[in-house]
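Colleague: Hey, got a minute to go through this one with me? I'd like to start with how the strands pair up.

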Amino acid sequence: MVDNPPELVRVGRRHGPGIIILALIPITAFALGTWQVFRLSWKTELIARFEDRLIKPPLPLPPRIDPDAIKEFDYRKVYAEGRLKHEQEMLIGPRIHDGNDGYLVVTPLERGDGASTVLVNRGWIPRDKKNQANRKEGLPRGQVMVEGLLREPWKRNLFTPRNRPEKGEFYFPDVQQMAELTGSEAVWIEETMSPDLLKAYDREAKGIPLGRPAEVNLRNNHTQYIFTWYGLSAATAIMLWMVVRKPPSEVTRRIRQNKSW
């Protein structure tokens with residue numbers, strides 16, 4: 001009695017479902033890289049448009065401002081005259097400036113003569129100047145002239161806590177909310193000052209807010225993202241090619257014996 005000859009049987013699949021996932025990675029990364037190319041073009045044009053507005057002479061702020069028109073004047077230099085209502089001052093913070101903790105000082109500017117009251121971001125002060133009693137030189141009285149950038153209100157991101165105006169705590173410049181609290185129009189002006197290190201040290205020591213420079217401060221990292229996504233696409237495409245080209249290790253040969261006599 002002799003068994004039938006053993007039979008070699010090839011078992012196992014050449015590639016599992018993981019190959020589909022691996023194939024999707026370079027495709028998705030390439031698509032994201034291409035999307036960043038369009039984003040780079042959009043951001044470059046946006047920055048150029050804002051910089052073109054910065055070189056134009058400042059405009060007098062109209063008595064009344066159409067909120068829908070602010071977008072067309074974002075980053076445009078403007079000036080306005082009025083009285084700063086320090087009794088309605090709001091501090092946004094914490095905010096870091098040159099490694100120091102502090103706040104942004106937001107004060108309504110009452111223009112009078114039928115003109116609307118607007119919000120002015122006067123700039124940054126250190127934490128130890130939070131109390132107005134410690135910065136009397138930073139509280140100008142009477143008529144003042146404010147020159148700055150007209151800015152479009154922006155949205156709060158998911159990681160920023162909500163303001164608690166009932167406790168006097170502001171973490172984000174919610175222009176609409178601040179305007180309603182102070183009876184102002186939802187118009188946001190960021191006061192500017194020319195960069196001067198000695199002058200900045202003097203203002204900081206006296207508690208006079210440090211205005212922002214008149215420049216576009218939008219980040220443009222899309223070139224870096226393009227290289228990152230295209231690099232990931234190329235690397236994973238090579239990995240996919242190597243996996244497809246190499247025989248899978250789980251394919252084995254087994255001996256099946258016929259036990260029938």
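Colleague: So which way do S3 and S5 run, parallel or antiparallel?

Modeller: S3 and S5 run antiparallel, with two bridges joining them. Keep in mind that this is a predicted model.

Colleague: Which residue stands opposite Leu 84 there?

Modeller: That's Leu 109 in S5.

Colleague: And how many bridges join S3 to S7?

Modeller: Eight bridges, and those two strands run antiparallel. If you want a spot to look at, Ala 80 stands opposite Val 146 in S7.

Colleague: What about S2 and S3, parallel or antiparallel?

Modeller: Parallel, with two bridges between S3 and S2, which covers residues 59-60. Look for Pro 60, which stands opposite Tyr 79 in S3.

Colleague: Okay, switching to charges. How many salt bridges are there?

Modeller: The count comes to eleven. One of them is between Glu 110 and Arg 83, with the closest N and O atoms 3.2 Å apart. Glu 110 sits in strand S5 (residues 100-110) and Arg 83 in strand S3 (residues 76-84), so this pair links distant parts of the chain, 27 residues apart.

Colleague: Why does Glu 110 count as partly exposed?

Modeller: Because its relative accessible area is 30%, and partly exposed runs between the 20% and 50% cut-offs. Arg 83 is partly exposed too, at 31% relative accessibility.

Colleague: Which residue does Lys 206 meet in a salt bridge?

Modeller: Glu 137, at 3.8 Å from N to O. Lys 206 lies in helix H3 (residues 197-206), while Glu 137 is in the loop between strand S6 (118-126) and strand S7 (143-151), so the pair ties together parts that are 69 residues apart in sequence.

Colleague: And is Glu 137 buried or exposed?

Modeller: Exposed, because its relative accessibility is 54% and the cut-off for exposed is over 50%. Its partner Lys 206 counts as partly exposed, at 30%.

Colleague: What is the N to O distance between Arg 164 and Glu 169?

Modeller: The closest N and O atoms of that salt bridge are 2.6 Å apart. Arg 164 is partly exposed, with a relative accessible area of 33%, and Glu 169 also counts as partly exposed, at 26%.

Colleague: Last one: which residues do salt bridges with shared partners join into one network?

Modeller: Asp 74, Arg 151, Glu 190 and Arg 212. Try picking out those four side chains in the viewer.

Conventions. Residues numbered from 1 in each chain as written. Predicted model: local features only at pLDDT ≥ 70, side-chain atom pairs only at ≥ 80, totals over all residues. Heavy atoms only, no water. Helix = DSSP H or I, 4+ residues; strand = E, 2+ residues; numbered from the N terminus. Buried < 20%, exposed > 50% of the residue type's maximum accessible area, 1.4 Å probe, protein only. Pairing = 2+ DSSP bridges.
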